[in-house]
Amino acid sequence: MKVKSKLLAALSSLVDHAIAPRAAMADRSILTEIEAAIARCTDKHDVTVNEECVHEILFRVSNAPGSITFLSRRISSRLDATRDSTVALKTLVLLHRLLRGGDRYFEQDLQNMWSCGELRVDLSWCSADKGHQNSFLRTYSLFLEERLGWIINQAGLLEPIRPPQSAFRSHKEEAAEWLLYRLSKSQILLDRIMDCLPSNPSFSSQVMQSAFNIILRESFRVYDGFSDGMEIVASSYPELDKAPRSLALDVLNKAVTQTPSLHDFYENCKRSVCWKSLDYPHVRIITAAEVSSIEQKLPAGYHCPPSTSSGDKEATETTKQHQQDAAVKEAVFGLHDATSILFSQKFETTISTVWVEFDEEDSQNSSFSLEGVDDCLTGASDDVPTEVGGSWQGREATR
């Protein structure tokens, strides 16, 4: 038995020694193919980035765990080493397409590489005064640095990465802070987008036109979310607590100056042949008079509350908090009164053995939808990665 066990151990060792080099060779082969695909995507020719190479990179990385680090380093070294504006621009476009085309895990891994410094977008060598393409390079790199802090959610919409939540805050406070955080980040990203407008679109290169086309399409989604959020802030401003109300006022005041600029930005883009056919959103310009009107909706005497004793003041604040919570529940669910009546009685649960058959008309009448959610889900299928013909097809393939 001892001889048999020794022979099995020796045989197992031989098999391991034979398999390990093959696995290492396979890993090196995948990394070599990734590097070759990056080189093909970022050559010196003024043509759009090859879609097949983008899908090949996504496919290779998804089948080689850990290769995302290699990919990030190669993209960073490509930007560090080149002094050719076309190569640098195509490298940025490649990064942008990978960020849009990968699945949720690829997106998170790439953002982790950015956070830890493995992925760098350093274009300090590029001087903005050496031509409009170099100027676009600088603004595009600044946009991508901000864009790396955003994700495509399950509804197919862009939203910023959510900051860590405090365990000592109520659900209402967290919802208000998250909404205002999204609006503030949206305003920053929209500023970056407007800075990317080429100074002379008619003389832009093919790569520049392709890059700005992606930026424009993403800006539409960012503005849609921003517009919906501003409607919520305007309607719920009087119910906000003091700290969120101050943040909301900052967002509203910035919108007074930003929305006219965004309107002019889209109008300039519409006049260009390159981006004339895109489906632009209607920008609602927010005025200072509207912000002032929203501020006037505050309860009377808010800024100068009457002085009361400590006990009366505490009781008043507690009552006010309960009233606000009840109002929020009633506004959101619409079931405040019905719920209190429902749970004031005791019910018994019985199991029926009678078979009930529903016809098609009943099933259709019993269906329901949540207003706004269906609209958010529109276009989500465009961003879901699929596998076609044995090759990786990312979200970007359908856009």
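The paragraphs below lead from the whole chain to a group of its helices and then to four single residues.

The structure is a predicted model, and its single chain of 399 residues has 35% of them counted as buried. In this chain there are 14 helices and 4 strands. When contacts between residues at least 6 apart in sequence are considered, 73% of them join residues at least 24 apart.

A good place to begin is helix α4, which covers residues 85-101 and therefore has 17 residues, reaching 24 Å from its first C-alpha to its last, close to the 24 Å expected at 1.5 Å a residue. This helix is mostly covered, since 17 of its 17 residues are buried. At its N-terminal end α4 is capped by D84, which places a side-chain oxygen 2.9 Å from the backbone nitrogen of T86.

Two other helices can be followed from here. Helix α6, made of residues 132-147, packs with α4 at an angle of about 25°, and the axes of the two are 10 Å apart. Because angles under 35 degrees count as roughly parallel, α4 is roughly parallel to α6. The crossing in which α4 passes α6 is left-handed. On the α4 side the residues that take part include S85, T86, A88, L89 and L92, and on the α6 side those that meet them include Q133, N134, F136, L137 and Y140. Further along, the list also includes H96, L99 and R100 in α4, together with F143, L144 and R147 in α6.

The second helix is α2, residues 51-62, which packs with α4 at an angle of about 55°, again with axes 10 Å apart. That angle makes α2 oblique to α4, and the crossing of these two helices is right-handed. Here E51, V54, I57 and L58 in α2 meet L94, R97, L98 and G101 in α4. The spacing of such residues can be read against the geometry of a helix: an α-helix has 3.6 residues a turn, so residues three or four places apart point the same way.

Just before α2, the residue V49 lies in the loop between α1 (2-41) and α2. With a relative accessibility of 6%, V49 counts as buried, the cut-off for that word being under 20% relative accessible area. Not counting residues up to four places away in sequence, V49 touches C41, V54, K90, V93 and L94. Of these, V54 and L94 have already appeared in the meeting of α2 and α4. The C-alpha atom of V49 is also separated by 7.5 Å from that of V207, although the two residues are 158 residues apart along the chain.

A further pair of helices is formed by α3 (residues 67-81) and α5 (residues 104-116), which pack at an angle of about 55° with their axes 10 Å apart. These two helices are therefore oblique to each other, and their crossing is right-handed. The contact is made by I68, T69, L71 and S72 of α3 and by F106, D109, L110 and M113 of α5. Helix α3 also holds S76, a residue that is buried with a relative accessible area of 0%. The side chain of S76 reaches the backbone oxygen of E118 at 3.2 Å, and, leaving aside neighbours within four places in sequence, S76 is in contact with E118, L119 and R120.

The last two residues belong to later helices. M230 lies in helix α8, residues 206-236, and counts as buried at 6% relative accessibility. The C-alpha atoms of M230 and L179, which are 51 residues apart along the chain, are separated by 9.2 Å. Apart from residues up to four places away in sequence, M230 touches L183, V251, L252, A255 and I286.

Both A255 and I286 return in the surroundings of T259, a residue of helix α9 (residues 242-270) that is buried, with a relative accessible area of 3%. A polar atom of the side chain of T259 lies 2.6 Å from the backbone oxygen of A255, while the side chain of T259 also reaches the backbone nitrogen of I286 at 3.1 Å. When neighbours within four places in sequence are left aside, T259 is in contact with V283, R284, I285 and I286.

Methods
Residues numbered from 1 in each chain as written. Predicted model: local features only at pLDDT ≥ 70, side-chain atom pairs only at ≥ 80, totals over all residues. Heavy atoms only, no water. Buried < 20%, exposed > 50% of the residue type's maximum accessible area, 1.4 Å probe, protein only. Polar contact = N/O pair within 3.5 Å; in protein donor to acceptor, adjacent residues only side chain to side chain. Axes fitted to C-alpha atoms, helices over the stretch in contact; angles between N-to-C directions. Parallel < 35°, antiparallel > 145°, perpendicular 65-115°, else oblique. Left-handed = near helix turned anticlockwise from the far one by under 90°. Contact = heavy atoms within 4.5 Å.
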